[in-house]
Structure formats: C-alpha cells, structure tokens
Amino acid sequence: MRESQEILVDMPRSTLIPILAATFWLCVVVTLFFALSPRGDIALVNDKTLHMLAFASLTCLACATFPFASMIRVFFWLCLFGGAIELAQMIPEVHRDAELADWLADTLAIAGVLCAIKLTGFRAWQARSALAASARGSA
C-alpha cells in the first residue's frame, strides 16, 4: 500500500492528469450506459444508493482531474449530467423511468463530496502542489 502511495506522489503531474482524465471520462460513459440500458438487478442495493455512489465517484474524479475548475462549476456540470440522464430516461424507447428523487440523490452526493473536499482542504493542497510542480518543470 505504501509503495502505491509513493508512486502516485512521485508520478509527474503531466502523466497523472491524462490517466485521471481517461478514468473520469470512462466513468461518465459507464454511468451513462447503465443509466440508459434496460433495467436489471445489478446489485442487491437500493437504486438511490447506486445513484449516490456513481455521482460521488464522478465528483471525486472530476475534482482530481480538473484541479483548477471551481467547485461551483463541477457542481453545475455534474448536476446537469444527472438531470440529462433523467430526461433521457423519459424517452419511451429507453424503457426506464425518470424520477426526481434519482436526480436529488445525484445532487446530494455531489454536494456531499464537494463539502468534504472543501472541509479537508484537499483542493487547496492539490492546487498548491500543481503550481509547485509546474514551477519546478519551468525552472
């Protein structure tokens, strides 16, 4: 475990950001796929729990991938994505049911993760380390 943490800390930012970006966009595609595919029991977990897990993960990845994006912007775009999924589920051919409660679960997960990130100061640390890395790279 310690070695993997050291690898991430020592990995050049120019290498880490594309990996995080690819992971973020892959999760967006997977979330969209599951949201628009015919309903099936993928887990013995409540539907709202799955929504919250998906959007909490997307929020964490978005904040790590886009360290200089404001939290309000991250909140807006992820909430818009959740709302767009619910609107797409209204299409009869999708055979899914749109629910306001699903979108609210998405929004609560996004807000909760952003509050946790803000309270821990992770974004400030991440921005400082990114600036320090870019300063070392330009020197």
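These are my notebook entries on a few helices, rings and core contacts in this structure.

**Entry 1: the model.** I'm working from a predicted model, so every value below is computed from it.

**Entry 2: helix α4.** I started with α4, which covers residues 71-88. I wanted to know what its 18 residues should span. At 1.5 Å a residue I expect 26 Å, and the end C-alpha atoms sit 26 Å apart, so the two agree. Next I looked up which α4 residues are buried. The list runs Met 71, Val 74, Leu 78, Cys 79, Phe 81, Gly 82, Gly 83, Ile 85, Glu 86 and Ala 88. I kept a reminder beside that list: an α-helix has 3.6 residues a turn, so residues three or four places apart point the same way.

**Entry 3: the core.** Which residues have the most contacts inside the largest nonpolar core? I found Phe 55 and Leu 58, in a core of 23 residues. The elements giving two or more residues to this core are α2 (13-36), α3, α4 and α5 (100-120). Of these, α3 gives the most, with seven residues. I then followed Leu 58 outwards, skipping residues up to four places away in sequence. Leu 58 touches Phe 24, Cys 27, Val 28 and Thr 31, and also Leu 78 and Phe 81. Leu 78 and Phe 81 were already on my list of buried α4 residues.

**Entry 4: Ser 57.** I went to Ser 57 next, which belongs to helix α3 (residues 47-65). Is Ser 57 buried or exposed? Neither fits: its relative accessible area is 39%, and because buried means under 20% and exposed over 50%, Ser 57 counts as partly exposed. A polar atom of the Ser 57 side chain lies 2.9 Å from the backbone oxygen of Leu 53. I also checked Ser 57 against Val 113: the two are 56 residues apart in sequence, but 8.8 Å apart in space, C-alpha to C-alpha.

**Entry 5: aromatic rings.** How many aromatic pairs are there? I get five. Phe 33 and Phe 34 make an edge-to-face pair, with 5.5 Å from centre to centre and 70° between the planes. Phe 33 is exposed at 53% relative accessible area, while Phe 34 is partly exposed at 41%. Phe 76 and Trp 77 have ring centres 5.2 Å apart and planes at 75°, so I noted that pair as edge-to-face too. Phe 76 is partly exposed, with a relative accessible area of 46%. Last, I noted a cluster in which ring pairs link Phe 24, Trp 25 and Phe 66. Phe 24 had come up before, as a residue that Leu 58 touches.

Key:
Residues numbered from 1 in each chain as written. Predicted model: local features only at pLDDT ≥ 70, side-chain atom pairs only at ≥ 80, totals over all residues. Heavy atoms only, no water. Helix = DSSP H or I, 4+ residues; strand = E, 2+ residues; numbered from the N terminus. Expected span 1.5 Å × (residues − 1). Buried < 20%, exposed > 50% of the residue type's maximum accessible area, 1.4 Å probe, protein only. Polar contact = N/O pair within 3.5 Å; in protein donor to acceptor, adjacent residues only side chain to side chain. Phe/Tyr/Trp six-rings, centres within 6.5 Å; stacked < 30°, edge-to-face > 60°. Core = buried A, V, L, I, M, F, W, Y, C linked by side-chain atoms within 4.5 Å. Contact = heavy atoms within 4.5 Å.
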